[in-house]
Amino acid sequence: MNEMYDPTKQPSASGAAQTLAVSYALGVVGAITGAIVAFYLYRYTLQFGMVFMALPGALAGLGCGYLSKIRSIPLGIVAASVSIAAAIFMRYSNWVLVDQHSFGQYLSNGIWWSSMSGKLMIGTSGLFGFW
């Protein structure tokens, strides 16, 4: 018998779980892709004297939400984590232009967390990523 698509038929439990897993995977890919795009946009705008530290959060959150097509607290946490990591790395990439130190030294010295503006921008990036 030829089985046709029936919109009233409920998907099986395994199909729903697989769809959810695919949505989560796409959300993670979208968050990482958004953070990478934000890094290059940040480097480009830095040439003009503009510093958009909240950009990784906004683009990681948008990428995550756009690709996953679902609203989820765990995906929000993943997007926030990716955006905070991207904001710290973006701040390091700007700082390394002045002082030549490794990323490990940068993290261990706490320079990335020393200024109030740094805390605000990294926190805002995480908030945008989660939202």
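This report describes the helices, a surface patch, the largest pocket and two chosen residues of a predicted model.

## Overall fold

In this predicted model, the secondary structure of the chain comes to five helices and zero strands. Someone who reads along the sequence therefore meets the pattern α-α-α-α-α, with helices numbered from the N terminus. The chain has 131 residues, and 32% of these count as buried, a word that here stands for a relative accessible area under 20%.

## A nonpolar patch on the surface

On the surface there is a nonpolar patch of about 450 Å², and the residues that make it are Val22, Leu26, Val29, Tyr66 and Leu67. The elements that give two or more residues to this patch are α1, which runs over residues 13-46, and α2, which runs over residues 55-68. Of these elements, α1 supplies the largest share of the patch, namely three residues.

Leucine 26, one of the residues that make the patch, has its place in helix α1. How far is leucine 26 exposed? Its relative accessible area is 37%, and because partly exposed covers the range between under 20%, which is buried, and over 50%, which is exposed, leucine 26 is classed as partly exposed.

## The largest pocket

Rolling a probe the size of a water molecule over the atoms is a way to show where empty space is left. In this model, the largest pocket holds about 360 Å³ of space. Its lining is made up of 17 residues, and those that lie nearest the centre of the pocket are Arg71, Ser72, Gly76, Phe130 and Trp131. The elements that give two or more residues to this lining are α2, α3 (73-95) and α5 (116-130).

Which helix gives the most to the lining of the largest pocket? That helix is α2, with six residues. When the lining residues are divided by kind, ten are nonpolar, six are polar and one is charged. Helix α2 thus appears in two of the features described here, since α2 gives residues to the nonpolar patch and also to the lining of the largest pocket.

## Arginine 43 and serine 93

Arginine 43 also has its place in helix α1. With a relative accessible area of 29%, arginine 43 is partly exposed, because this value falls between the limits of 20% and 50%.

Where does serine 93 lie in relation to arginine 43? The two residues are 50 residues apart in sequence, while in space they are 8.8 Å apart, taken from C-alpha to C-alpha.

Notes: Residues are numbered from 1 along each chain as its sequence is written. This is a predicted model: local features need pLDDT of at least 70, side-chain atom pairs count only at pLDDT 80 or more; totals for chains, interfaces and linings use all residues. Side-chain values use heavy atoms; hydrogens and water are left out. Patches are made of residues with over 30% relative accessible area and no salt bridge: like charges are joined within 9 Å, nonpolar side chains (Val, Leu, Ile, Met, Phe, Trp, Tyr) within 5 Å. Accessible areas come from the Shrake-Rupley method with a 1.4 Å probe; for residues, only the protein chains shown count as cover. A salt bridge is a side-chain nitrogen of Lys or Arg within 4 Å of a carboxyl oxygen of Asp or Glu. Helices (H or I, at least four residues) and strands (E, at least two) are DSSP runs, numbered from the N terminus. Buried means under 20% relative accessible area, exposed over 50%, partly exposed in between (1.4 Å probe, protein chains only). On a 1 Å grid over the protein atoms alone, a cavity is a set of points where a 1.4 Å probe fits but cannot get out, and a pocket is an open set with protein on both sides within 12 Å along at least five of seven lines; lining residues have an atom within 4 Å of a point. Grid points are joined across faces, edges and corners, and a volume is the space filled by probe spheres set on the points. Ala, Val, Leu, Ile, Met, Phe, Trp, Tyr, Cys and Pro count as nonpolar, Asp, Glu, Lys and Arg as charged, and the others, Gly among them, as polar.
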